Amino acid sequence: MRIFIVKSDTAYIDGEEPPFKTGRLDVMLNSAISAITHRNAQGIRRDVEFFMVMPLNDPPIIHINASKMARVPINEEDMLSLLLDGLRGREGGVNGMQGSLDSLITSLQSRGYSPLYLHEDGVPIKSIRPRENMAFILGNQNGMSNSDEYIMRKRGVRKVSLGPLPYMTWECVAIINAMLDGRILLA
Ligand SMILES: C[S@@+](CC[C@H](N)C(=O)[O-])C[C@H]1O[C@@H](n2cnc3c(N)ncnc32)[C@H](O)[C@@H]1O
């Protein structure tokens with residue numbers, strides 16, 4: 001399974017407000033679309049799980065298991081309605097969870113994952129051997145807080161880089177998917 005975790009200290013869901021007004025929820029929605037979809041006939045990447053970690057939201061973690069989804073989200077509005085339907089039990093593959101970035105990392109480590117933290121200053125991603133089960137942690141438009149970086153260091157999460165330029169979160173997700181699909185050749 002390919003796992004993406006995006007942490008946002010600003011985003012929250014408000015069914016009435018547009019996503020860009022609710023702490024840049026749009027960053028989370030676009031990253032989720034980037035993680036779980038592709039443009040072949042089927043549309044959904046069945047081998048991807050996506051976690052939104054949003055302490056300001058209730059529930060603070062939303063888990064998307066693309067293998068259980070029936071609908072293909074095509075834009076932010078659609079992704080948001082899919083999440084809301086999922087949280088109300090009307091759509092498969094979406095679950096609300098309690099917890100934090102720390103508890104999520106430890107639970108993934110107990111499932112055998114060695115999560116990687118995406119950051120410009122990390123070791124080049126080409127030095128990491130691709131495996132079937134990989135988990136990637138990314139920050140939102142503001143990056144990661146010092147306390148989250150401390151938690152990741154404490155949990156032994158390695159920092160990996162896509163290069164010195166800073167990209168948007170959803171661009172990083174798309175680049176990683178393309179790399180693991182074998183579409184971008186690693187040196
Ligand atoms: C828009 S960037 C955050 C920029 C923010 N100003 C900062 O200093 O971290 C969003 C996230 O994408 C990831 N990211 C962006 N560019 C990257 C790169 N070149 N290599 C690895 N990860 C990157 C990081 O996880 C980052 O937290």
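**Figure 1. Helices α1 and α2 in a predicted model, with axes that come within 9 Å and cross at roughly 90°.** The model is predicted, so keep that in mind for every view below. With α2 covering residues 76-87, the crossing angle falls between 65 and 115 degrees, so α1 and α2 count as roughly perpendicular to each other. On the α1 side, the residues to look for are D26, L29, N30, A32 and I33, and they meet E76, M79 and L80 of α2. Sorted by class, this α1–α2 contact has five nonpolar residues, two charged ones and one polar one.

**Figure 2. Helices α1 and α5, whose axes cross at roughly 10°.** Here the axes come within 8 Å. The angle is under 35 degrees, and α1 and α5 are therefore roughly parallel to each other. From α1, you'll find V27, N30, S31, S34 and A35 at the contact; their counterparts in α5 are T169, W170, V173, A174 and N177. This contact splits into five nonpolar and five polar residues, with no charged ones. N30 is worth picking out in both helix views: this residue is listed among those of α1 that meet α2, and also among those that meet α5.

**Figure 3. The open sheet of seven strands.** Reading across, the order is β4-β3-β2-β1-β6-β5-β7, and the pairing is mixed. At the edges sit β4 (94-97) and β7 (158-161), each of which pairs on one side only. From one strand to the next, the twist averages 35°. Helix α1 (residues 25-36) also belongs in this view: α1 lies across β1 (2-7), β2 and β3, and runs at about 170° to β2.

**Figure 4. Strand β6 and the two strands paired with it, β1 and β5.** Six bridges tie β1 to β6, and the two run parallel. For a handy landmark in that pairing, take F4, whose bridge partner in β6 is F136. On the other pairing, β5 and β6 also run parallel, with two bridges between them. There, Y117 stands opposite I137 of β6. How much of β6 is buried? Five of its six residues are, so β6 is largely enclosed by the rest of the structure.

**Figure 5. The β2–β3 pair and the loop that lies between these strands.** Strands β2 (residues 48-53) and β3 (residues 61-65) run antiparallel and are joined by five bridges. F51 has H63 of β3 as its bridge partner. The loop between β2 and β3 holds P59. If you're checking omega angles, stop at this one: the peptide bond from D58 to P59 is cis, with omega near 5°.

**Figure 6. L104 and its surroundings in helix α3 (residues 101-110).** Is L104 buried or exposed? The cut-off for buried is 20 or more other C-beta atoms within 10 Å, and L104 has 22 such neighbours, so it counts as buried. Leaving out residues up to four places away in sequence, L104 touches I5, F51, V53, I61 and G99. F51 is the residue whose bridge partner in β3 is H63, so this view ties in with Figure 5. For a sense of scale, V157 is 53 residues from L104 in sequence but 12 Å away in space, C-alpha to C-alpha.

**Figure 7. The shell of 18 residues that surround the ligand.** L118, L138, G139, G143 and L162 are the closest. β5 (116-124), β6 (134-139) and α5 (169-180) each supply at least two residues of the shell. Which element gives the largest share? That's β5, with three residues. By class, the shell has nine nonpolar, eight polar and one charged residues.

**Figure 8. R24, a residue with positive phi that is not a glycine.** Its phi is about 65°. R24 is in the loop between β1 and α1. Buried takes 20 or more other C-beta atoms within 10 Å, and exposed takes 12 or fewer; R24 has 18, so it is partly exposed.

Notes
Residues numbered from 1 in each chain as written. Predicted model: local features only at pLDDT ≥ 70, side-chain atom pairs only at ≥ 80, totals over all residues. Pairing = 2+ DSSP bridges. Helix = DSSP H or I, 4+ residues; strand = E, 2+ residues; numbered from the N terminus. Axes fitted to C-alpha atoms, helices over the stretch in contact; angles between N-to-C directions. Contact = placed C-beta atoms within 7 Å. Near = placed C-beta within 6 Å. Nonpolar A, V, L, I, M, F, W, Y, C, P; charged D, E, K, R; others polar. Parallel < 35°, antiparallel > 145°, perpendicular 65-115°, else oblique.
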